[in-house]
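User: I'd like a close look at one loop of this model and the backbone there. Once that is clear, please carry on to whatever else stands out in the two chains.

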Number of protein chains: 2
Amino acid sequence: MIDLEQVQDCYVSTSSKMVLLVVDGLGGLAHPETKLSELETANIPNLDAMAQESACGLTTPVLPGIAPGSGPGHLALFGYDPLKYIIGRGALEALGIEVDLQPGDVAARGNFCTVDNEGRLTDRRAGRIPTQLSAPLCEQLDKIELPGIQLDVYPVQDYRFVLRLRGTGLSEQVTETDPQINGVPALEVKALTQDAEKTAALVNKFVEQAQKILAEEVPANMLLLRGWAQLPELPPMGSAYKLNPAGIAAYPMYRGLATVAKMNIIPTGKSFSDEVVTLKENYDNHDFFFIHYKPADAAGEDGDFGAKVQALEDLDPLIPSIRDLNPDVFMVAGDHSTPAIMAAHSWHPVPFMLNSQLTKGEGVPSFDERSCGLGSIGRIPATSVMHLGLSHAGKLTKFGP
Amino acid sequence: MIDLEQVQDCYVSTSSKMVLLVVDGLGGLAHPETKLSELETANIPNLDAMAQESACGLTTPVLPGIAPGSGPGHLALFGYDPLKYIIGRGALEALGIEVDLQPGDVAARGNFCTVDNEGRLTDRRAGRIPTQLSAPLCEQLDKIELPGIQLDVYPVQDYRFVLRLRGTGLSEQVTETDPQINGVPALEVKALTQDAEKTAALVNKFVEQAQKILAEEVPANMLLLRGWAQLPELPPMGSAYKLNPAGIAAYPMYRGLATVAKMNIIPTGKSFSDEVVTLKENYDNHDFFFIHYKPADAAGEDGDFGAKVQALEDLDPLIPSIRDLNPDVFMVAGDHSTPAIMAAHSWHPVPFMLNSQLTKGEGVPSFDERSCGLGSIGRIPATSVMHLGLSHAGKLTKFGP
């Protein structure tokens, strides 16, 4: 698997511009009746026309057969080995609601839950209480104080929240309190390493106080904590590649992932057309732009084939506005496939196209799984996407004499 | 990336014969008007006929998106991980003029340059003085003596020369004297590691004496040294693969690269047809032959599409003379692509074909980028070429029980 540092002497800073459009959950599978995938079904003349003038291929997000989450899917596209740089569940949950997570902080995913008189779990999700009930509970828990560290509790959605610990000497190497079944009490937190004993003791104190605060609440009279995680230490994308990178994403999770790579986050609106306006307005200020399109994945996860087709058709008319900026390199990629017939992320290779001055006349007829499989790029690890883009942009020079 | 030593128990010595023809800069890109690459444009009936009877594919020299120099491009084809075994600039320059470079020697690339009365650089290339002016200066510098080591200066071309240091305890871990800009003096050499302090002190003494010798020369009154390099220590190809390998190359650089892999270099003439005669005359003496064809790369680097087509057409009639020897395995590969439209080495996958008794009837219609992309070998790292060849030659047996 590629590593940013393997060819570190070959990166050069130039004025050329790169745009990486990540269509979340881009790849799909054939509908059982039509035998056509979402991309093959959708009417996407602009993406198809671009494919005809692009180098096309398929990317493997992590390894063949591995369906990635959003974290590894994006890190790979940014060039980070997704098997080396792991974003834990708690950290990703925090990024998803734009909690400020700094190196050294520890985050956990929390669930409100229900226990009986003897403390045994009766509902691990407290009847999936709505956010308007859980948010005031988070405010209560947020007031808990622990010696020597800062503690914050953020509501996520329904019964879910994020606990963030900030202070020196904290560790993610502690066990979860969720026993994963009802009928038994929540577990005590244990240190997995000697360094983590302080954290384990602090968290147990937090749980003890939280239990008192929640005791009379119905049905959320207890909490569970899991997915302890600190941010991985990634080489910043800007200094690694000699770029001035910007991230534009309507959804906080993807701004969070861009933050992990140390991109500059440009505030934007709620829709992809807002993102494109933001791209245009800031086009002179950066030489690399990551821009994120979410609806394809959301529809795929819902198992709604038609909605995913529609999401792709909604994206298509905005492609010319990006091409009109004349970026030296414009890449359309996906972090993973989300076939509607699976209603889930999948391991299938993801369509990819790269447009530059060097790609005229080598394209394929249309932008979809089958056509891209015949493209000149072939099948590459997603971690090679940045290197290909940088080379086409003249930002990656010859390796070795 | 593959490593020679991964399957070391599987190599067996047999009497079968292998020929690896490396067409330098083989791969190309489509001409903007015709949409056909150099290989697709060229009339190469013998290469096409061979492709129809061969297993075809595309090789990735280093990693997708990485354009390699000649060093990594060839080492990969010989089976060495090009990210692990690095040939520095000074060593490659020395190999390029066939300086005898032994393990432990340190080589640098030298430039004659011009400085003003206060020692500030006014021309880093001394007006690109011709070789007939620089060669006598090299003779003068060659007479400099340093305590405890042997020192030799070899003219390369125009303002360029090679400095070779031979002795015990030398190190490549020293800084360059070239400040890369005019208007400032040459830099002093500094040791990057403690082990390199002896080398740094010796080189500074050399520069001091050289400066005195050159002081009155116009315009080459000073020198710059860069690209300090020792040879990487490679497992010899012969013992690693249980082969008796020979290298045949008209250009010294490629004889040098074959030397690094410890092939036996067979003296030959100035042209590829000389090389083919050499191959024939020595066919009984070795079981593996690396034979090198340079003109395709030279034309590509010149950005001359027509000349690259011609270079491929000039190669084609000589293919039957090699096939007539009936090698058990005949492979045609490239160290990298050199598309004429880029006038440079590129990162694009390189056409590859392997002909053996096992490849009849699985070929593609012609030998070019698109056809090879559809071949049975698919896309492989260039480091896998030797393993494929050895297996087809019966020299690589089953791995694992």
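Analyst: In chain A, the loop between strand S4 (121–123) and helix H5 (131–142) is where you will find Arg128(A). Keep in mind that this is a predicted model. Arg128(A) is not a glycine, yet its phi is positive, at about 50°. Most residues other than glycine have a negative phi, and most peptide bonds are trans. As for its surroundings, Arg128(A) is partly exposed, with 14 other C-beta atoms within 10 Å.

Ala343(A) also has a positive phi, near 50°, and is a residue other than glycine. Look for Ala343(A) in the loop between strand S11 (329–333) and strand S12 (350–355) of chain A. Ala343(A) is partly exposed, with 15 other C-beta atoms within 10 Å.

The peptide bonds deserve a glance too. Val218(A) and Pro219(A) are joined by a cis peptide bond, with omega about -5°. Pro219(A) sits in the loop between helix H6 (197–214) and strand S7 (222–229) of chain A. In chain B, the bond from Val218(B) to Pro219(B) is cis, with omega near -5°, and Pro219(B) lies in the loop between helix H6 (197–214) and strand S7 (222–229) of that chain.

How do the two chains relate to each other? A rotation of 125° with 0.2 Å of shift along its axis superposes chain B on chain A, with an RMSD of 0.3 Å. That is the relation of a three-fold axis. Where the chains meet, chain B contributes 26 residues to the contact and chain A contributes 20 residues. On the side of chain B that touches chain A, helix H3 (70–77) and helix H4 (89–96) of chain B each supply at least two residues. By character, the residues on that side of chain B are 18 nonpolar, five polar and three charged.

Now to the interior of chain B, starting with strand S8 (residues 245–248). Pro245(B) and Gly247(B) point one way from S8(B), Ala246(B) and Ile248(B) point the other way, and all of them are buried. S8(B) has a parallel pairing with strand S10 (residues 288–293) of chain B, made over four bridges. In that pairing, Ile248(B) stands opposite Ile291(B) of S10(B). S8(B) also runs parallel to strand S9 (residues 264–265) of chain B, to which two bridges join it. Here Gly247(B) is the residue opposite Ile265(B) of S9(B). The path from S8(B) to S9(B) involves a helix: S8(B), helix H8 (residues 252–260) of chain B and S9(B) make a right-handed β-α-β unit.

A helix that packs against this region is H9 (residues 272–281) of chain B, whose buried residues are Phe272(B), Glu275(B), Val276(B), Thr278(B) and Leu279(B). They lie on the same side of H9(B) because they cover an arc of only 160° around the axis. An α-helix has 3.6 residues a turn, so residues three or four places apart point the same way. And what do the buried residues of H9(B) pack against? Their partners in chain B are S8, S10, helix H11 (305–315) and helix H12 (319–323). That brings you back to S8(B) and S10(B), the strands that pair in the parallel sense.

Technical notes: Residues numbered from 1 in each chain as written. Chains lettered and ligands numbered in written order. Predicted model: local features only at pLDDT ≥ 70, side-chain atom pairs only at ≥ 80, totals over all residues. Buried ≥ 20, exposed ≤ 12 C-beta atoms within 10 Å, placed from the backbone. Pairing = 2+ DSSP bridges. Right-handed = clockwise from strand over helix to strand, strands pointing away. Contact = placed C-beta atoms within 7 Å. Nonpolar A, V, L, I, M, F, W, Y, C, P; charged D, E, K, R; others polar. Least-squares fit on C-alpha atoms with pLDDT ≥ 70 in both. Arc of directions from axis to C-beta.
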